[in-house]
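Subject: Model handover

Hello,

The structure I promised is below, with the sequence. My notes on it follow.

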Amino acid sequence: MNPTITYHEFQGQNDALRNPRSASERDRTKRACLLTLLTLVVPGGAQVTVGSRALGRIALAVTVGCWFTALLGLAMYFTMRSVLLSALTQPFVMWAASIVLAALAIGWLLLWLDTFRLIRIGQLAPGFKPILVVLMVGLIVLTSGGLGYASHIINEGRQALAGIFSEGAAIPADEGRYNFLMLGADAGEGRQGLRPDSIHVVSVSQDTAETIIFSIPRNFQNARFSEDSPMREVYPNGYNCGNECIINFLYTEVHNSYSHLYPEAEDPGVEAMMDAASGTLDLNMHGYVMVDMGGFSDLIDAMGGITVESGGWVPYRGRHPETNEWGNRWFEPGTLELNGDDALSFARSRDFSNDYARIERQQCVQQAMIGQFSPQTLLTRFTELMTAGENLVDTNLPQSQLGSLLSLAAEAQDHSPQRLTLGAPDFGSAGDLFSTYPDFDLIHARVDELIAREGDGPEEQDAAPQPEADTRDDEADPEEDAEPPGPSPDHSDEAVAGDEPEVAPTPEPTELTQPDGSPLTETYLIEAQQRGEVGILEQAATGNGDCSPAD
């Protein structure tokens, strides 16, 4: 041993981390793996150990700050979720977050490149070199690439939310509740302007997040307006001009004739619909969400489709299973995996059944979308979801309140919603005229009852007595219930008011077969439809409102 070499110099020569040239091949491999692991788990650790300590200290400080921020966010999610989500959905915060994530992605990439230099790949065993290169490339994509992608989707989300939500201050709850009008609108072929065919009011308790969904049939007549509504100047006794005044037509009529009554509104038709829903249910509306039915299809496709359990045959228009020609089709009972177009056809179909079965299927599809949406879907299909959302939704809800509403929606998933349809089956049978001559006192009593029952368990809610439906219209002239004439599209799955005869009471479901005793098939129903055998088709469609989201 050279006597001029000091002890510390001797130790340095034999320190595999700092002097890999003097180490064995096995030790150099261990050193490379250790530095790679440090850069992955503790960015800056490799630099502090064997590289530039100044760079390493800066990276470690940033790493500690990121871990602290993540832990703080996790703690706030469980203790102050509404505050956290409100902050994270603000435009400036989302912009700043995208910048920070992009900077972190670049910084981590630089650390990886420096770690690659520190490993001194030329000194490693030939067989280990390609393995390490592939491993580091994969880790760079996972870490820096992941942060870069997160920056991209947050910036896209910021732009999308700015295009969907309005500006302004948060809306206070009314008597501890938020009430939102949900409209499914369509301006399809053969229609005179846009009409909302799906009309629901979602009422959520601010304290418990329990939810009630009120469904208003599109052919509901004599709708009342709220006391402060300017539409009372035109219809002081409600929307009561006869068969021309089903609630489905209100949106278009206001746009065409009474938009001047809402001079400050961006969408006078929606404002009038909110006034009608408010007066009909005796609930103050806080905002609306209008869903375009074409965008609805795009959103389901962006989600990867939905799955439902259907209790009956559902007619729609599509490609024939054998000839591939466009025409009549039928969804079979059982488990259905639906893409966007199929889900739209399934939700809107009403041939050989009635609007109330249609409402039940719409609610089923909505529940399936909510229940089958997952964080994995959001991460893997974010761009498609944001694009579909911009084309799908129009709302007056302020972005400043988005966080608290998201928190409320997350809590609401823990409760099964109560439901009430302003018609059959909740107010008489499908053949009654309740939607034509509604009893508003009875409606308000049922609304108050459902609100009062919140907090009861599902068993108590199911066991609660139901008020008797109003039967004062049993002797009404059937002519009064006839729907107004109107253009009818070629597609049977499009819901257009004015082409539906009075619906007879729904018969009890029976086991149907073909004349030879074999089970019904779609081909048989298509042929029966071509022969005009309406009776068998109506029997087959019986029970097609019986639908539930698949587990």
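A residue counts as buried here when its relative accessible area is under 20%, as exposed when it is over 50%, and as partly exposed in between. Please keep in mind that this is a predicted model.

By that cut-off, seven of the nine residues of helix α11 are buried, so the helix is largely enclosed by the rest of the structure. The buried ones are G340, A343, L344, S345, F346, A347 and R348. Helix α11 covers residues 340-348 and lies across β5, β8 and β11, running at about 130 degrees to β8. At its N-terminal end the cap is N339, with a side-chain oxygen 3.3 Å from the backbone nitrogen of D341. F346 also has a charged neighbour: the charged end of R361 sits over its ring, 5.9 Å from the centre.

The sheet under discussion

The three strands that α11 lies across form an open antiparallel sheet in the order β8-β5-β11. Its edge strands are β8 (334-338) and β11 (547-549), each of which pairs on one side only. From one strand to the next, the twist averages 30 degrees.

Strand β5 spans residues 306-310 and is joined to β11 by three bridges in the antiparallel sense. Between β5 and β8 there are five bridges, also antiparallel. S310 is a useful residue to click on: its bridge partner in β11 is C547, and in β8 it stands opposite G334.

Which side chains of β5 are buried, and which are not? I306, V308 and S310 point to one face and are buried. T307 and E309 point to the other face and are not buried.

Helix α18

Helix α18 runs from 522 to 531, and its buried residues are E522, Y524, L525, I526, A528 and Q529. Among the elements covering them are β7 (326-331) and α19 (534-541). G532 comes after the helix and has a positive phi, near 80 degrees.

Aromatic rings and charges

With ring centres required to lie within 6.5 Å, the count comes to 10 aromatic pairs. One of them is Y178 with F180: the ring centres are 6.0 Å apart and the planes are at 10 degrees, so this pair is stacked. Y178 and F180 are both buried.

Another is F225 with Y239, where the centres are 6.4 Å apart and the planes are at 70 degrees, so the arrangement is edge-to-face. F225 and Y239 both lie in the loop between β3 (211-215) and α8 (250-257), so their pairing ties together parts that are 14 residues apart in sequence. F225 is buried, with a relative accessible area of 3%, and Y239 is buried at 1% relative accessibility. Ring pairs link F225, Y235 and Y239 into a cluster.

Besides R361 over F346, there is a charge over the ring of F427: the charged end of R446 sits there, 4.9 Å from the ring centre.

Backbone points to check

Most residues other than glycine have a negative phi, and most peptide bonds are trans. The following residues depart from that pattern.

- A424 and P425 are joined by a cis peptide bond, with omega about 0 degrees. P425 is in the loop between β10 (418-421) and α16 (440-453).
- R120 is not a glycine, yet its phi is positive, near 55 degrees. R120 is in the loop between α6 (91-119) and α7 (129-164), and at 36% relative accessibility it counts as partly exposed.
- N222, also not a glycine, has a positive phi of about 65 degrees. N222 lies in the loop between β3 and α8, the loop that also holds F225 and Y239. At 22% relative accessibility, N222 counts as partly exposed.

Regards

Key: Residues are numbered from 1 along each chain as its sequence is written. Side-chain values use heavy atoms; hydrogens and water are left out. Two strands pair if DSSP finds at least two bridges between them. Helices (H or I, at least four residues) and strands (E, at least two) are DSSP runs, numbered from the N terminus. Axes are lines fitted to C-alpha atoms, for helices over the stretch in contact, and angles run from 0 to 180 degrees between N-to-C directions. Contact means heavy atoms within 4.5 Å. Buried means under 20% relative accessible area, exposed over 50%, partly exposed in between (1.4 Å probe, protein chains only). A polar contact is a pair of N or O atoms within 3.5 Å; within protein, one must be able to donate a hydrogen and the other to accept it, and residues adjacent in sequence count only if both atoms are side-chain atoms. Rings of Phe, Tyr and Trp (its six-membered ring) pair if their centres lie within 6.5 Å; planes under 30 degrees apart count as stacked, over 60 as edge-to-face and the rest as tilted. A charge sits over a ring if NZ of Lys or CZ of Arg is within 6 Å of the ring centre and within 35 degrees of the ring normal.
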